[in-house]
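Colleague: I have a chain here and some questions about its fold. Can we go through them one by one?

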Amino acid sequence: MKNTREKALQIINDVLYKGTFLEESLEILKASNIDERDFAFIKEITTGVVRNKTYLDYVIRENSKVRFNRIHKIILSILEMAIYQMYFLDKVPDYSIVDESVNLAKIYGNKGSISFTNGILRSISKEKHLQVTLKNSIDNLSTYYSHPRFYTEYFYDKYGEEFTKKLLKANNEKPPFTIRVNTLKINRDELIKNLTESGFDIEETTYVNALNVLNPNGIIDTEFFEKGHFYVQDLGSILVSTFLNPSKDSKVLDLCAAPGGKTTHLSELMDNTGEIISCDKSKGKIKLIKENAERLGCTNISPMVNDARVLNEEFINKFDYVLVDAPCSGTGLYRKKPDIKWNKGIYDLKELGVIQLEILNKAKEYVREKGLLLYSTCSLSKIENEDVIENFLKENENFKIKKLRDKDVLKLFPSVDGSDGFSICLLEKN
């Protein structure tokens, strides 16, 4: 295999400039029988650069004698990789980082870029870590914590500087590895005992059947996973199903169900009674729902190919509970997928808001009288949540909001709840 730094460089360029997804790129790499230590290094470098890109570029701007927009993208990525290692890691000496970066520049650059790479990195290595000193507070926060300005501005104006700072900081931290205890097959205490005896360190969360695994490496290879004793799922995603909280023997529709985390949790909450219709428009994703349901022992789930944007007349007035976990920008997932920060802009959010309202207006037809419709996204934006709900209620006076924790639209924040960012709204059909 190519030099690990060269492989990391390729992934960074593919993600930032060719539209590939970081998570998928790393999964492909992991499946290539790469050495475990090499993979861990590449994952650290690529994730770190993508996560901290704006700050790393600020350091480059402040130290470069060459205009920033004249630095070739591949050389820019080499510099970002080097500065990330200097600023955020401590395993490799700075002189070695400079040497390795110059070697990369020799492969991808010309004499001028080789000299430039060597000079700027040697200069940066001799100085203290650069602080961001922009006059505008929003620009300052956006740059230091590497977030899109529209995102920072929204939370700064709505929640204030201190809240925003904590949120941005939490978005840049490594997320916990959370699992949901599958009580259809095992109880919480027994699973904790089994995992602990197998060498895993377990931490409790605010939800009784959600556990953080502090050293998760290898947990998917255990018999406990194979037997369906747990499902890997973020705390926020777990809480969504608990807010819908369907009764036993009821009829439930999960309109955007893949890969099946929420739908199998609904099955668990219903103790395998009643019926859950789990939909997705992709046959491949339906297969994934079936596999997860089978492993977890969920016998009341019927997966079905269905496009949420097209009215299904067979569903009209048939369900006591409908879950719309809508396709969204994923701005609540910055911790797990930092590339979302750079591939989703404000216009993407507006387009998604139109699609989300379209889906919600189909979903409303499927709810029985006095039934519940739960709308959720893994996004924290107003455009995809409050605005969608407001527009929906203007046209559908027969629905009303049922408050969750005294909120019309409940927000879950990484900095407050320890979960991914989620927005959740529960609606009742009058």
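What follows is a set of short questions and answers on this predicted model.

Colleague: How many helices and strands does the protein chain have?

Modeller: The model is predicted, not experimental. Its secondary structure was counted along the protein chain. The count comes to 19 helices and 12 strands.

Colleague: What is the radius of gyration of the protein chain, and what does the globule rule give for 430 residues?
Modeller: The C-alpha atoms fill a box of roughly 70 × 50 × 35 Å along the principal axes. For 430 residues the globule rule gives 22 Å, and the chain comes close to that, so it is as compact as a globular protein of that length. Its radius of gyration is 24 Å.

Colleague: Among contacts between residues at least 6 apart in sequence, what percentage joins residues at least 24 apart?
Modeller: Buried residues make up 52% of the 430 residues. For the contacts, take pairs at least 6 apart in sequence, then keep those at least 24 apart. The share kept is 72%.

Colleague: Which helix supplies the largest share of the largest nonpolar core?
Modeller: In soluble globular proteins, nonpolar side chains tend to be buried together. Here the largest nonpolar core has 44 residues, and Ile60, Ile75, Met81, Ile83 and Leu121 have the most contacts inside it. Helices α1 (4-17), α2 (22-30), α3 (36-51), α4 (53-63), α5 (73-88), α6 (94-108) and α7 (111-126) each supply at least two of its residues. The largest share, 11 residues, comes from α5.

Colleague: How many residues are in the other core, the one with Tyr231 and Leu374?
Modeller: That core lies apart from the largest one. Its members include Tyr231, Ile286, Ile340 and Leu374. The number of residues is 43.

Colleague: Which residues is Ile75 in contact with, leaving aside neighbours within four places in sequence?
Modeller: Ile75 is one of the residues with the most contacts inside the largest core. Set its sequence neighbours within four places aside. What remains is Ala105, Gly109, Ser113, Phe116 and Thr117.

Colleague: Is Ser241 buried or exposed?
Modeller: Ser241 lies in helix α13 (residues 235-244). Beyond four places in sequence, it touches Pro246, Lys262, His265, Leu266 and Leu269. Buried means under 20% relative accessible area. Ser241 has 1%, so it is buried.

Colleague: How far apart are the C-alpha atoms of Ser241 and Lys166?
Modeller: Along the chain, Ser241 and Lys166 are 75 residues apart. In space, their C-alpha atoms are separated by 27 Å.

Colleague: Is Asn33 buried or exposed?
Modeller: Most residues other than glycine have a negative phi. Asn33 has a positive phi of about 60°, and it is found in the loop between α2 and α3. Exposed means over 50% relative accessible area. Asn33 has 75%, so it is exposed.

Colleague: Which strand holds Lys370?
Modeller: Lys370 is not a glycine, but it has a positive phi of about 70°. At 58% relative accessibility, it counts as exposed. The strand is β9 (residues 367-377).

Colleague: Which residues does the cis peptide bond with omega of about 5° join?
Modeller: Most peptide bonds are trans. This one is cis. Its proline lies in the loop between β5 (251-254) and α14 (261-269). The bond joins Ala258 and Pro259.

Colleague: How far apart are the centres of the positive and negative side chains?
Modeller: The protein chain has 62 positive and 63 negative side chains. Each set has its own centre. The two centres lie 5 Å apart.

Key
Residues numbered from 1 in each chain as written. Predicted model: local features only at pLDDT ≥ 70, side-chain atom pairs only at ≥ 80, totals over all residues. Heavy atoms only, no water. Core = buried A, V, L, I, M, F, W, Y, C linked by side-chain atoms within 4.5 Å. Buried < 20%, exposed > 50% of the residue type's maximum accessible area, 1.4 Å probe, protein only. Helix = DSSP H or I, 4+ residues; strand = E, 2+ residues; numbered from the N terminus. Contact = heavy atoms within 4.5 Å. Rg over C-alpha atoms; globule rule 2.2 N^0.38 Å. Lys, Arg positive; Asp, Glu negative; His and termini not counted. Charge placed at Lys NZ, Arg CZ, Asp CG, Glu CD.
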